[in-house]
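This report describes two parts of a protein structure: a pocket and a helix. The sequence and the structure are shown first.

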Amino acid sequence: MEEKMNKEKLTLYLMIGEIKFSATLENNETTKELLQRLPLEIEMKELNGNEKYYYFDEHLPRNASLVNKINVGDIMLFGDNCLVIFYQSFATSYSYTKLGKIDNPDSLAEVLGSGNIKVKIMKGN
């Protein structure tokens with residue numbers, strides 16, 4: 001019961017063009033550090049037709065594990081400084097630190113499109 005009380009819901013918003021997505025974050029040291037850096041406006045680069053990524057100048061705490069499957073809307077940290085937003089689902093053999101998931105990712109692939117894109121990331125409630 002105590003464990004449930006300590007699980008504070010962490011959220012953030014991503015503005016991609018004129019579309020605002022909300023995301024529910026994992027409650028871990030990585031997300032808490034990420035929230036301290038917000039708001040951010042970054043240019044995310046395209047990779048493999050399934051993800052956008054951005055390298056931070058400074059490292060974040062990490063706790064990587066093999067995730068086996070990526071789902072549309074997953075937000076992960078690769079290594080200790082690469083923020084990744086996935087817009088396709090697929091199997092993977094890579095390890096990531098889970099940061100969270102976009103709450104309603106249905107139009108995410110369409111909104112992200114191909115190529116690099118500017119994303120504003122802001123704290124949620």
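## The largest pocket

The lining of the largest pocket is formed by Leu 47, Asn 48, Glu 51, Tyr 53, Tyr 55, Phe 78, Cys 82, Val 84, Phe 90, Tyr 94 and Tyr 96. Strand S4 (51–55) and strand S8 (82–86) each give two or more residues to this lining, and the largest share, three residues, comes from S4. The volume of the pocket is about 160 Å³. By class, the lining holds nine nonpolar residues, one polar and one charged.

The model is predicted: local features need pLDDT of at least 70 and side-chain atom pairs pLDDT 80 or more, while totals for chains, interfaces and linings use all residues. Residues are numbered from 1 along each chain as its sequence is written, and side-chain values use heavy atoms, without hydrogens and water.

A pocket is an open set of points on a 1 Å grid where a 1.4 Å probe fits, with protein on both sides within 12 Å along at least five of seven lines; lining residues have an atom within 4 Å of a point.

## Helix H2

The table groups residues of helix H2 (residues 29–36) by relative accessible area (1.4 Å probe, protein chains only).

| Class | Residues of H2 |
|---|---|
| Buried (under 20%) | Thr 30, Thr 31, Leu 34, Leu 35 |
| Exposed (over 50%) | Glu 29, Gln 36 |

Seen down the axis of H2, the buried residues fall within an arc of 135°, so they line one face of the helix. Glu 29 and Gln 36 are carried on the face turned away from the buried side. Among the elements that cover the buried residues are strand S1 (10–16) and strand S7 (74–78). At the N-terminal end, Asn 28 caps H2, with a side-chain oxygen 3.0 Å from the backbone nitrogen of Thr 30.

How values were computed: Points joined across faces, edges and corners; volume = space filled by probe spheres on them. Helix = DSSP H or I, 4+ residues; strand = E, 2+ residues; numbered from the N terminus. Nonpolar A, V, L, I, M, F, W, Y, C, P; charged D, E, K, R; others polar. Arc of directions from axis to C-beta. Contact = heavy atoms within 4.5 Å. Polar contact = N/O pair within 3.5 Å; in protein donor to acceptor, adjacent residues only side chain to side chain.
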